[in-house]
Structure formats: structure tokens, C-alpha cells
Amino acid sequence: SKLASYSNQNEYLGLQKEEMKLHHFYRTLDVLSAAEDLVKKHFFTQRRNLFSTVLDVVFYDVTTLYFDSQVEEEGSLRQKGFSKDKKSHKTQVVLGLLVDKLRNPITYQVYEGNTYEGRTMIDALQKMKKQFTIDKVVVVADTAMIDKDNRDFMVDKKIDYIIGDSIKNLGKAIRTKLIDKTKHESLNDVPVETFSYTEEEYKGRRIICTYSLKRAKKDAHQRQKLIDKAEKWLENPSKYKQVKKRGAGRFIKNAEDGDAIELNKQKIEEDAIYDGFKAFSTTTDLSIEDVLSKYKDLFEVEHSFRALKSQLEIRPMFHWTNERIKGHICMCFVAFTFLNHLKNTTQLQYRAIVKALDKMQLSLIKDTKANTSIYLRSKIEDDQKVLIEKMNLKVPNDTCPQNTVNHYFIK
């Protein structure tokens, strides 16, 4: 919060001599917005040079960030759209994020709040390829990102991918083969009844279909919840008319006049056929185990979004201009890059790191009679010891005079 930083600036060493005006805090966002591409490239280059990481797999996903506003403005990033935070009445932006397998953010893009998430992928990959010198890379994304344009773009640019695929949207012939459990094989000596897979070539890509008994039970349970909801709607048809034809609504049969009349048993049976099955598309020649493992790691992006929203409180946003919005997100990108580096270096969780940093304080003690001042350092706890050791920090003494503090903190 820029406003909170302004209000509490006197608590920070080095800022007490001359108070910074509030508008200076906000104007820094304009500077960050203008330097957005430079910031991204700098962090990418520094991370590769310092930590010798090999960028072989990138994970892409999108989220939405809402504003404390319901007012849309033409030409603004702030628009109403499908909200992943269930804040559809608020304006929002769409944030596309690329991270590596250690959750290190590679780059990000900001889109208008009403942008369909599947349409962001090509733009994000184009800008990544243009901005960074990246050799071979495998992009991992979920089912929402899959469409013909995205696949064609990656094939054309020689970008390999592992993407969740929708069995129901595939051709009937290939769909029938994939869900035929007699063609499935076991994996890593796991009983075929518990977990199995099959593989087929389809339109220039490998389709890997897995079956999980655990997933089948979950799918059946989720469908039953929708059926129970549909039955309640049938008891009150007027309520059903207010619900779109999705979710529980797809299991209800309508009369010609549109009135709900009964459960659609055929639809329920057709849906049950796919219980436990999940498909993946890939252009790689990786083993089945590697494909499944890399797709499973896609949750790293979700954890990154969670850290941005919880520990860094990236939303709600209170800015109006596109420049301030981009500057705010750039600021959070910088903070998350540092936070994630601390996590990878110390193996502490995000919450523990933030808590430990908050408690690393110096208290100013003034002797009015002697007209002297000293600083008293707070007690160093276990997590702080880890941070100090891993980051090679020099710890002040229990008490230290002003000139020592100046040496540590003030240029």
C-alpha cells in the first residue's frame, strides 16, 4: 500500500530527515510503468547469470485482479469480465504469468478485464520470445489455454508444449480409443485398476489419456452434487429460469417453451462415461512419466498467484490510469521476485519470511539528559537466523550508536 507506506515512512531508517509527499509515492508507479520491459529483462538476466538456471520448462496461467470500483471506462484496462475471485460486480484486469519450475517469475502481461484467458497465451509467448534470448523451451498450461490458434502458433514458432486437453472436444473416433480401458497400461507398477494410461497420435500431437480411480470417485461425487441441485431447481421451476444452461442446468431437460420438466438422464449417463479420465496434448518426445510430472508442476503458478494475492496483497487495486495500474503490478512483480528468491534460498515459506522480516527491527532510545541516542536491536529468532545465514547478512550489535546505524543503513 502506497498510502500506508507514506503514513508510516517515519518508521523506516533513512527517511526521517525530510518527509516524502504522498504524490511522490504514486508517481513512482509512472516510472515503473515506463520501465516495465527493462525491469522484466533485468530480473531475467540477473537470475540466469547469478543462479545458472536452465530455463527448460515454463508454466503459464492467468488470474484476475479486481479493483475497488464498479465503473468501467472505454480504453481502460479496468473492465468487467469473468472473475476468478468471484467479484464479477467489480472491474478487473487479467494478469498472465510465466514462471519456471522454482516459481521464479519469468515475465508477465496485463490485459483488459474482459479478455478471454485463452486469447492471452499467444501474445504472452510472442513477447517472451521477443524480449528474452531463450533456446528450447516447453510450455505447460491448463485446458483453458487450448485451442487451434494457440497450438498452431507454438508449432510454427517451434515451441514444444504440454497442455491439458478436453476429451469431449476431440473427434469421436479418437475419443472412443482414449476411454477404452482395455487399451490402457499400468504405470510404474501401479495396479491398472487404480491408475492407467494410453497414448494416441492425433493431428500432429501426442494425446495421452490417463484414468484414475480416485479421480473417478471425485467426478461422480461432483456430478451427484449437481444432480441434487438440479432436483431442487425442478421443485421450483421459477428459480431455474434464472440459471444459465451450465453446471446443474445441463442435467435438466426443457420443454419446447423452455420450462424445466425433468432430469436429463441421457445427459447424466453420457457425462458418467468420462469419470476418471483426463487427457494431455504434447509435442515433446518426453516419457509418459515426465509429461505427467511436468503438468502436475503447473500448480507452481497457482502458488505464485496465491502469494501475490495474500502475502503481497496485490488486490484490490485503487488506481485509475493504465500507467498506475501497470506500475502497481510491476512493483508487486519486483517484490515477488525477491520474496521467491528468499524462499528458494532459505526453504522457508512465504508467510514465515514476511513475518520474520517484519520482526527485524531497531528501536530508537533517546537519553534526553545526556542528549544521546542508541538503537536497540530486536531479538533474533530461528527463522531470522536462517535468513541472516543464507543471505550472508551482517547483524548489528544488541545496541549501537547512530553513527553505526548510518554505516549500515544510510548512504
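Before I show you anything, one definition: when I say a residue lines a pocket, I mean that it has an atom within 4 Å of a point of that pocket. With that settled, good morning everyone, and thanks for coming. What you have in front of you is a predicted model.

Let me start with the pocket that the definition was for, the second largest pocket. Its space comes to about 690 Å³. Around it sit 18 lining residues, and those nearest the centre are Lys168, Asp219, Tyr274, Phe277 and Lys278. Which helix gives the most to this lining? That is helix 7, with five residues. Helix 7 runs from 213 to 235, and together with strand 11, residues 277–282, it belongs to the elements that each supply at least two lining residues. As for character, the lining divides into nine charged, six nonpolar and three polar residues.

Now let us step back to the whole chain for a moment. There are 411 residues, and 41% of them count as buried. The secondary structure adds up to 15 helices and 14 strands. Along the principal axes, the C-alpha atoms fill a box of roughly 90 × 50 × 40 Å. If you take the contacts between residues at least 6 apart in sequence, 60% of them join residues at least 24 apart.

On to the inside. The largest nonpolar core has 45 residues, and the members that touch the most others are Val93, Leu95, Tyr108, Leu308 and Ile329. Helix 12, residues 322–346, provides the largest share of this core, namely nine residues. There is also a second, separate core of 23 residues, with Tyr60, Ile106, Val139 and Ile146 among them.

Please find Tyr108 on your screens. Leaving aside residues up to four places away in sequence, Tyr108 touches Leu95, Gly96 and Leu97, then Lys326, Ile329, Cys330 and Phe333, and also Glu36 and Lys40.

Tyr108 turns up again when we look for enclosed space. How many cavities of 30 Å³ or more are there? The count is one, and its space is about 60 Å³. The residues lining this cavity are Leu95, Leu97, Tyr108, Leu308, Ile314, Ile329, Cys332, Phe333 and Phe336. Strand 2, residues 92–99, and helix 12 are the elements that give two or more residues to that lining. Helix 12 has the largest share of the lining, four residues. What kinds of residue do we find there? Nine are nonpolar, with no polar and no charged ones. Do keep the pocket we began with in mind here, where nine of the lining residues are charged.

My last stop is helix 14, residues 382–390. The buried residues here are Gln384, Leu387 and Ile388. Why do we say they line one face of the helix? Looking down the axis of helix 14, you find the buried residues within an arc of 95°, so they share one face. In general, an α-helix has 3.6 residues a turn, so residues three or four places apart point the same way. The face turned away from the buried side of helix 14 carries the exposed residues Asp382 and Glu389. And what covers the buried residues of helix 14? The cover includes helix 12, which we have met already, and helix 13, residues 350–358. Finally, helix 14 is followed by Asn392, which has a positive phi, near 55°.

That is my tour, and I would be happy to rotate the model for anyone who wants another look.

Key. Residues are numbered from 1 along each chain as its sequence is written. This is a predicted model: local features need pLDDT of at least 70, side-chain atom pairs count only at pLDDT 80 or more; totals for chains, interfaces and linings use all residues. Side-chain values use heavy atoms; hydrogens and water are left out. A nonpolar core is a set of buried Ala, Val, Leu, Ile, Met, Phe, Trp, Tyr and Cys residues joined through side-chain atoms within 4.5 Å. Buried means under 20% relative accessible area, exposed over 50%, partly exposed in between (1.4 Å probe, protein chains only). Contact means heavy atoms within 4.5 Å. On a 1 Å grid over the protein atoms alone, a cavity is a set of points where a 1.4 Å probe fits but cannot get out, and a pocket is an open set with protein on both sides within 12 Å along at least five of seven lines; lining residues have an atom within 4 Å of a point. Grid points are joined across faces, edges and corners, and a volume is the space filled by probe spheres set on the points. Ala, Val, Leu, Ile, Met, Phe, Trp, Tyr, Cys and Pro count as nonpolar, Asp, Glu, Lys and Arg as charged, and the others, Gly among them, as polar. The arc is that of the directions from the helix axis to the C-beta atoms.
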